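This briefing covers helix packing, a buried acidic residue, charge pairs and backbone geometry. The points are grouped by topic.

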Amino acid sequence: MRFVLLGPPGAGKGTQAERLAKKYGIPHIATGDILRQSVKDRTKSGMLAKSYMDRGELVPDQILIGIIRDRLSSLDCSKGSILDGFPRTVTQADALSSILHRLNQKLDGAINLELPEEEVIARLSGRRVCRSCGTNYHTQFNPPKEGGKCDKCGGQLYQRDDDKEEAIQNRLKVYQRQTEPLIKYYKKEGLLISVDGAKEISTVFENLCEIVEGVKK
Ligand code: ADP
Ligand code: ADP
Ligand code: ZN
């Protein structure tokens, strides 16, 4: 099974993709995580991406398309994957479609996690991320058992630079301008599935599992 998760920043893509990947045994491909790792490793694309990410802008399409092409070609993606944070532009969506075509693979759906703008701010401003394994928490909605520490690996939790007020506002504008058009794009392809992302984490997960089970082969 192969799905794209769409939705504004903070909609719960990372949280849900991680759970789906674990339950169905397929890779969770999060372009934000891949980019943050490249920044940490000071690779060429990481150095280039950093300034865009800090401002809440999108990193140029060609960098992302290269990352996804490599990742989807690896063997562990042959039976499926969950794409989180890609595509984010129509150019990326077109590239994804041709990459999958060449690999003789197809998308089963583009799941749009819907979340009103007011909720986005509350979600992002309380988000905390594990420095070691990347797991997401929320100070209020999904707190770790022990303050400041990851439940899974004991790593230290931190607040992303782009989860601070000024960057959040810009990311919302960027989302509306560049990513929201993908909702129409996938609707036209007959692949769009909408899910209410404002429900509790476990409820959203149940809804997603029903959808995924519907296409499981
Ligand atoms: P969120 O989970 O809040 O939606 P991500 O972790 O997915 O954010 O992405 C963080 C940042 O990484 C984005 O603001 C953008 O700068 C960059 N990024 C991630 N994925 C893409 C993409 N597909 N295209 C362009 N930039 C991307
Ligand atoms: P995205 O990847 O779409 O940017 P995340 O999965 O990182 O979103 O979630 C953003 C923040 O909201 C995180 O702090 C996460 O713990 C929290 N969160 C995710 N889903 C829910 C939910 N259904 N209800 C409340 N908080 C949530
Ligand atoms: Zn951790």
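R42 lies in the loop between α2 and α3. The model is a predicted one. R42 is not a glycine, yet its phi is positive, at about 55°. At 62% relative accessibility, R42 counts as exposed.

**Backbone geometry**

- R42 comes after helix α2 in the chain.
- N104 is another residue that is not a glycine but has a positive phi, in this case about 65°.
- N104 is placed in the loop between α5 and β4 (109-114).
- With a relative accessible area of 74%, N104 is exposed.
- The peptide bond that joins F86 and P87 is cis, with omega about -5°.
- P87 belongs to the loop between β3 and α5 (90-102).

**Helix α2**

- Helix α2 covers residues 31-40, and its buried residues are T31, G32, L35 and S38.
- Viewed down the axis of α2, these buried residues fall within an arc of 125°, so they line one face of the helix.
- The cover over the buried residues of α2 includes two strands, β2 (28-30) and β3 (81-84), and two helices, α3 (44-55) and α4 (61-73).
- D33 and R36 form a salt bridge in which the closest N and O atoms are 2.8 Å apart.
- Both D33 and R36 lie in α2, and three residues, about one turn of the helix, separate them.
- D33 counts as partly exposed, at 37% relative accessibility.
- R36 is also partly exposed, with a relative accessible area of 23%.

**Helix α7**

- Helix α7 (residues 165-179) has 15 residues, which at 1.5 Å a residue should span 21 Å; the C-alpha atoms at its ends are 20 Å apart, which agrees.
- The buried residues of α7 are A167, I168, N170, R171, L172, V174, Y175 and T179.
- These buried residues pack against α3, α6 (117-125), β5 (127-130) and α8 (181-188).

**D84, a buried acidic residue**

- D84 is located in strand β3.
- D84 has no salt bridge although it is buried.
- Which side chain of opposite charge is nearest to D84? That side chain is K13, 5.2 Å away, and a salt bridge would need a side-chain nitrogen within 4 Å of a carboxyl oxygen.
- The side chain of D84 does make a polar contact of 2.8 Å with the side chain of H28.
- Leaving aside residues up to four places away in sequence, D84 touches K13, G14, A17, H28, I29, A30 and T31.
- Of these contacts, T31 is also one of the buried residues of α2.

**Salt bridges**

- Side chains of opposite charge can pair when their charged atoms come close.
- The count of salt bridges comes to 13.
- D163 pairs with R127 in a salt bridge, and their closest N and O atoms are 2.8 Å apart.
- D163 lies in the loop between β7 (157-158) and α7, while R127 is in strand β5, so the pair ties together parts that are 36 residues apart in sequence.
- D163 and R127 are buried.
- A network of salt bridges links R127, R160, D162, D163 and R171.
- R171 is one of the buried residues of α7.
- D161 forms a salt bridge with K164, where the closest N and O atoms are 3.5 Å apart.
- K164 is partly exposed, its relative accessible area being 35%.

Notes:
Residues numbered from 1 in each chain as written. Chains lettered and ligands numbered in written order. Predicted model: local features only at pLDDT ≥ 70, side-chain atom pairs only at ≥ 80, totals over all residues. Heavy atoms only, no water. Buried < 20%, exposed > 50% of the residue type's maximum accessible area, 1.4 Å probe, protein only. Helix = DSSP H or I, 4+ residues; strand = E, 2+ residues; numbered from the N terminus. Arc of directions from axis to C-beta. Contact = heavy atoms within 4.5 Å. Lys, Arg positive; Asp, Glu negative; His and termini not counted. Polar contact = N/O pair within 3.5 Å; in protein donor to acceptor, adjacent residues only side chain to side chain. Expected span 1.5 Å × (residues − 1).
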